[in-house]
Amino acid sequence: MDVSLDLLMNAVISGLLLGGFYAAVSIGVAISFGMLDIVNIAHPAFILLGSYIAFIANTVLGIDPILAAVIVLPAFYLLGMAVYQVYYVAFERRDDQSLRGLSFFFGLLFIAEVGLILVFGVDYRSVNAPYIGPSLQLVLFDLPWRLLVPFLVSMVMAVGLQVFLSRSFLGRAIQAVAQDQLALQLMAANPVKIKRIAFGLSIATASLAGACLIIIQPVEPSIGREYIGRIFAICVLGGLGSFPGMIIAAMTLGIVESLTATFFGPSWAPAVAFGVLLVTLAVRPSGILGR
Amino acid sequence: MRGGPFILVLIAVAAAIFAFGRWLDNSYAFFVAYVVVQYIVLGTAWNILGGYTGYVNFGITAFFAIGAYSSVVLHKLVPAMPLPAMIVVGGVMAGIVGVGTGYLTLRLRGVYFSIATLALAVVVQTLITNWDFVGGARGAYVLRPRTAPLIGGGYIEYLFLIMLGLCVIALATARAIERSSLGFGFAAIRDDEAAAEASGVPTLKLKLIATGLSGGFMGMAGAPLPFYVTYLDPSSGFSLNYAVNAIAMPLIGGTSSWLGPVIGAVLVGGLQEYLRVTISSAVNVLVAGVLMVVFVIIAPQGIVGLFKRKR
Amino acid sequence: MTALLHVEGLGKRFGGFVALEAIDLEVQDGERLGLIGPNGSGKSTLVNCICGTLRNETGSVSFAGEKLDGLLAHQRTRRGLGRSFQLPRPFASLSLVENLRIPILYAVNARSSGVLAGAAIDARCRDVLSQVGLAEKADRLPRDLTQIEMRKLELARAMASEPRVLIADEAMAGLSHGEVDEIIALLIRLNERGVTVVMIEHIMRAVMEFSQRLAVLVAGKKIADGVPKDVVRDPEVVRAYLGE
């Protein structure tokens, strides 16, 4: 195998950028699973929803996909709150979360996939934007804007959320509910309301993540399933409840996947996440920076 | 009713159904009935780990496909191998993978096991798609013999008979578990694993037994598939429909009893076929998912639970 | 005489938080030991480490001369260590009788001595239930029980595993005066039959009435261990827990 340094470096760089995007995709689950202990395996479905909305906005109205995502962000937030309300009333309150809660989200994932197939068909869809195509020449490296823009959006989102969680009252309340629900109740804050807001935020991130996704690659309804493995591999590897850990894990996965794709072929990439997940669970389940 | 007589009743019912099918002499009926009975087996298999023990396995497609693809491999290597032997091999392979996955993840929280099974499905699909011997992404053709061995008639009748036999074994196993100390152990794990462990239940060992049985039966249900469809490719072999149906049917029928998956498979399977024929084949697929979400929210004990006398 | 249960230098941390530090505790065969201490002092953590629900980082636990390190909780229960949980954890989908079936099937029957089968199991379950006063509700589900009855069920389930040592973790919390007396009498009867009992409690009346020996845990350390009437007069114990 002819391993040229050039090839290696480019694989690592695109892996790093891809990893940044993976962070955007996982940040919602870092909130819903990492902080609220809700196993929302349907998160990729919401991301795909975001992708398809960006697609429609782009092809029908000519709007930039990221802009479209920002516009529908409030709608996603409300959707998240509604989903949490159903989940809370049906499962959390009855303390029957594991089997039926998981099945609920699995059902949502499936309905979303089939629904998207019915509406959009199984063809790949993509968007057009001025930055898809050209690359930024930086020193010796070739950074495609197609990867760079989602990377930057993702970093902004991550930093923004981290600041919100640590500085604002509401953000700190969310961190509190993640750690000790009873104590929060004794301080006269309503944990259910706070969890609802947090879950709403979690789904809102899916809107932006979806736009990033369709910029990076063409989408079709079944690719959601690939992302479940990636998202949870990243959240577990990074350690639940740690944003910085999640970002490091996302970069790591991105690089490993990129190297695998470059040297072993792209069709092996989906298996990488599972390998990472299994190894992490077997060796260090609390993750790199986990609580 | 004790175990022995129960098996006899099951066999009698199965024989009656088969005889009725022979008398109808309609191969469409056999094709549809095969699917329903296959889902009874898949649903029962899922329920042993899911409903009885409380661990949700989302990777049904992985185990099912391991069974199907092991048949493809065996058929290429040893064309003369009889189907029942392939079923055993498929079951054993799937069972081993199940126990392996379980060993790595069952010492942690249940949700990690569930997530791992989801990822497992994707990985097995990736491996198969990259494996040229079974046709890779292009798929493999399997020639279905013209006539059935032993009983004569169309081969589909033979497939149906085999699946009926598998169904009898699966249901008898499920019922036997329900009434045994193994079943009580499973229930204790489901209700409160730490308390079960403190009461002397070897939780990891029992969970591995459940995972092995569950994966094994799923593999066995998948083994005849290549002969049923004659063309097997990863996107149809790993279709999410199998996974959703295998979970939705026990949840709708009721997870606490062996009867639940049967009711679920007959009702939902029947409804799906009806919708496929009257409206479209895309809509029928949606049914299982929607019904599952509705039932899980409104009637968590399933149909069996609605009729169960309150103690 | 070697102690039946010997805890030596046991330590447990949760991340940076030291829950237990160098705990030494001996429980003699047939003894009635009381264990008291403020909330958060580590009593339940100690029970969890002894019984195998949690793994201690330092020190060891020996039972009947055998080191238990590395053994899982179910293995320890089979050897004769029984415990009830502070917050009741019943098997919600099983009736009370069936709840008690589990330890009989998996702890008692795992021992070579005296395997029960068939109707004998049912009879044993009902017998234990009547000992705690739950005989009439034997075929009901745990959700039909009051909080207090749930605590009795929790004790009954621990008793059903026929332990040599029973650790009762705050089994009397919230009980009325009469009910506390009932449980004390039950535990003493158990002790007279040869079961060593460790009582973890906040109700001082019960502890004083019941214990032959008293140990005090404060902030993860054992600060006293001896005859009850001496321990309660120990100035450190008074300062840390009992108050003036």
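What percentage of the 291 residues of chain A count as buried? In this predicted model, the share is 50%.

Chain A contains 11 helices and 2 strands. Their order along the sequence is α-α-α-α-β-β-α-α-α-α-α-α-α. Four helices therefore precede the two strands, and seven helices follow them. The C-alpha atoms of the chain fill a box of roughly 60 × 45 × 35 Å along the principal axes. The radius of gyration of chain A is 19 Å. A compact globule of 291 residues would have a value near 19 Å, so the two agree. Contacts in chain A often link distant parts of the sequence: among those between residues at least 6 apart, 78% join residues at least 24 apart.

One pair of helices in chain A was examined in detail. Helix H1 covers residues 5-32 and helix H5 covers residues 145-167. The axes of H1(A) and H5(A) lie 8 Å apart, and the helices pack at an angle of about 45 degrees. H1(A) and H5(A) are therefore oblique to each other. Their crossing is left-handed. On the H1(A) side, the contact is made by A:Ser14, A:Leu17, A:Leu18, A:Gly20, A:Phe21, A:Ala23, A:Ala24 and A:Ile27. On the H5(A) side, the residues include A:Leu147, A:Leu148, A:Pro150, A:Phe151 and A:Leu161. Also among them are A:Val153, A:Ser154, A:Met155, A:Met157 and A:Ala158. By class, the residues of this contact divide into 15 nonpolar and 3 polar, with no charged residue.

The model also has contacts between chains. There are 2 pairs of chains in contact, and chains A and B share the most contacts. In that pair, 34 residues of chain A are in contact with 36 residues of chain B. Three elements of chain A each give two or more residues to the side that touches chain B: helix H4 (97-120), helix H9 (224-238) and helix H11 (269-283). H4(A) gives the most, with 14 residues. This side of chain A has 24 nonpolar, 5 polar and 5 charged residues.

Chain B also touches chain C. The contact takes 18 residues from chain B and 28 residues from chain C. On the chain B side, helix H7 (181-191) and helix H8 (193-198) each supply at least two residues. H7(B) provides the largest share, 6 residues. The residues on this side of chain B divide into 9 nonpolar, 5 polar and 4 charged. Chains A and C behave otherwise: no contact joins them. Their closest C-alpha atoms lie 8 Å apart.

A single residue of chain C completes the description. C:Phe63 is found in strand S4, which covers residues 58-63 of chain C. Is C:Phe63 buried or exposed? The cut-off for a buried residue is 20 or more other C-beta atoms within 10 Å. C:Phe63 has 21 within that distance, so C:Phe63 is buried. Leaving aside residues up to four places away in sequence, C:Phe63 touches C:Leu4, C:Leu5, C:Leu68, C:Arg79 and C:Leu81. C:Asn39 is 24 residues from C:Phe63 along the chain, and the C-alpha atoms of these two residues are separated by 27 Å.

How values were computed:
Residues numbered from 1 in each chain as written. Chains lettered and ligands numbered in written order. Predicted model: local features only at pLDDT ≥ 70, side-chain atom pairs only at ≥ 80, totals over all residues. Rg over C-alpha atoms; globule rule 2.2 N^0.38 Å. Buried ≥ 20, exposed ≤ 12 C-beta atoms within 10 Å, placed from the backbone. Contact = placed C-beta atoms within 7 Å. Axes fitted to C-alpha atoms, helices over the stretch in contact; angles between N-to-C directions. Parallel < 35°, antiparallel > 145°, perpendicular 65-115°, else oblique. Left-handed = near helix turned anticlockwise from the far one by under 90°. Nonpolar A, V, L, I, M, F, W, Y, C, P; charged D, E, K, R; others polar.
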